[in-house]
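Q: Could you take me through one part of this model up close? I'd like to see how the strands there are put together and what sits around them.

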Amino acid sequence: DADAVYEFVRERESSARTYANTFDAVIERGNGTAVFDTAGRRYLDFLSCAGTLATGHNHPVVIDRVKRFLDSGHVMQVLDITTPAKHRFLERLFDVLPRSFSGRARVQFCGPTGADAIEAAVKLFKTATGRHSVIAFHGAYHGMTAGALALTGSLGAKEKVAALMPEVHFMPYPYSYRCPFGLGGTQTATASLHYIERMLSDPESGIRKPACVVVEAVQGEGGVIPAPLDWLRGLRALTHRLDIPLVLDEVQAGIGRTGSMFAFEQAGIEPDAIVLSKAIGGGFPLSLVVYDDRYDVWQPGAHAGTFRGNQIAMVAGAACFDVIEQEGLVEAARAKGDHLGERLSELAKRHTAVGDVRGRGLMWGIELVDATQAADALGALPGAGRLARDLKRYCFAHGLIVETGGRHGAVLRLLPPLTVTTAEIDEALAIVAAGLDELAY
Ligand code: PMP
């Protein structure tokens, strides 16, 4: 039975696993936004594998392409040799890249995860510039391997791991709600840019010119914080002026999630590199870096890896791009995101435990506050993290999968597939609202 299966796996799997601790069911099937456990219970999946499943669970076009590929006799693994599947995938990828960038872009296929591609990007720019350090941001999340973890802002994830590479300097991200450095509103972004500029140009700051700046246009794990578009433009202007390559981590926010193919496009900027994973493989493991060929300094073999360029993931990824185009999912993410945002604003008005709602497209966060608790030195409310965790558990028990993130884990994160319906959005928010009614102190 399901309990025995759950226990069998729990006893054998690493205690580092996360989702399984809260979502204590045996999930068997999936269809669109819904997944079903072995007892046939339905859950709305508003996590969608941390935003991976742009086209939802088991989209028929993706499934059909993968099936036909497996039946075709084409090779499944050939290291990085050229194949028709790679050709097709690259055609689709270059179609969706910003036009002026695609003309001078190169791709490095990486291992299966976002962290692999982050590591590759940092290594590329360290090689190309001969510089050592990297600039990342407070609250940033870039992965769990040593190099990627070094760029991750939250100490909680890394304080027990000594001496990570590389040398990283953290700069303030423009988080205006409960801004940790004492400013709020539009001042936050301006002050952040001013600070970064001073730190990078003042020889007394102790910061050497970095190999690159790595940034998320919308922080995901950090608590769904969309950077103001002016801030992104300011960061691009500054890095241009100082000749520092700008790397956009679009692992979570990319591929239509925020209502444009890439989140940075809304600021009208062009990065020197884009890091992609999650949705790029259509539900299969794939990651890559697309970068300006000016920086293509690697010799053959400089960045190898057996499974870079998984053929099935390329087939599924190309199918995912086709579905996004055919079903107009980028525009749909905007329209449905507006609907979700309006519903969330209503929720915020009705529930005092909701401090802030924010997002772009179909990437939203609900930052909870706990008025019964004193704020910590940085203005955050630790009790709100408990409320968010309890609310996540309540949601799961009532058929909705959501995740938490941000400072003290106080932000409930909503990342439904881009194929989600407005009826499903309303259903999900009714569960969240009922949970707030029952739990909020
Ligand atoms: N960058 C961002 C913005 C992410 O959200 C994540 C994963 N949540 C990563 C990098 C790391 O990806 P992975 O978990 O596949 O290593």
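A: In this predicted model, β16 and β17 pair in the antiparallel sense, with three bridges between them. One of the facing positions is G405, which stands opposite V411 in β17.

Now look at the loop that links the two: between β16 (403-405) and β17 (411-414) you'll find H408. H408 isn't a glycine, yet its phi is positive, at about 60 degrees. For context, most residues other than glycine have a negative phi. And is H408 buried or exposed? H408 counts as buried because it has 22 C-beta neighbours inside 10 Å, and the cut-off for buried is 20 or more.

Step back a bit and the pair turns out to belong to an open sheet of four strands, ordered β13-β14-β17-β16 with antiparallel pairing. β13 (354-360) and β16 are at the edges with a single partner strand each, so each has one side without a neighbour in the sheet. From one strand to the next, the twist averages 25 degrees. Packed on this sheet is helix α12 (residues 329-350), which touches β13, β14 (363-368) and β17. The direction of α12 makes about 175 degrees with that of β13.

If the phi of H408 caught your eye, have a look at A50 too. A50 is placed in helix α3 (residues 48-51), and its phi is also positive, near 55 degrees, in a residue other than glycine. A50 has 19 other C-beta atoms within 10 Å, so it comes out as partly exposed.

Notes: Residues are numbered from 1 along each chain as its sequence is written. This is a predicted model: local features need pLDDT of at least 70, side-chain atom pairs count only at pLDDT 80 or more; totals for chains, interfaces and linings use all residues. A residue is buried if 20 or more other C-beta atoms lie within 10 Å of its own, exposed if 12 or fewer, and partly exposed in between; C-beta atoms are placed from the backbone. Two strands pair if DSSP finds at least two bridges between them. Axes are lines fitted to C-alpha atoms, for helices over the stretch in contact, and angles run from 0 to 180 degrees between N-to-C directions. Two residues are in contact if their C-beta atoms, placed from the backbone, lie within 7 Å.
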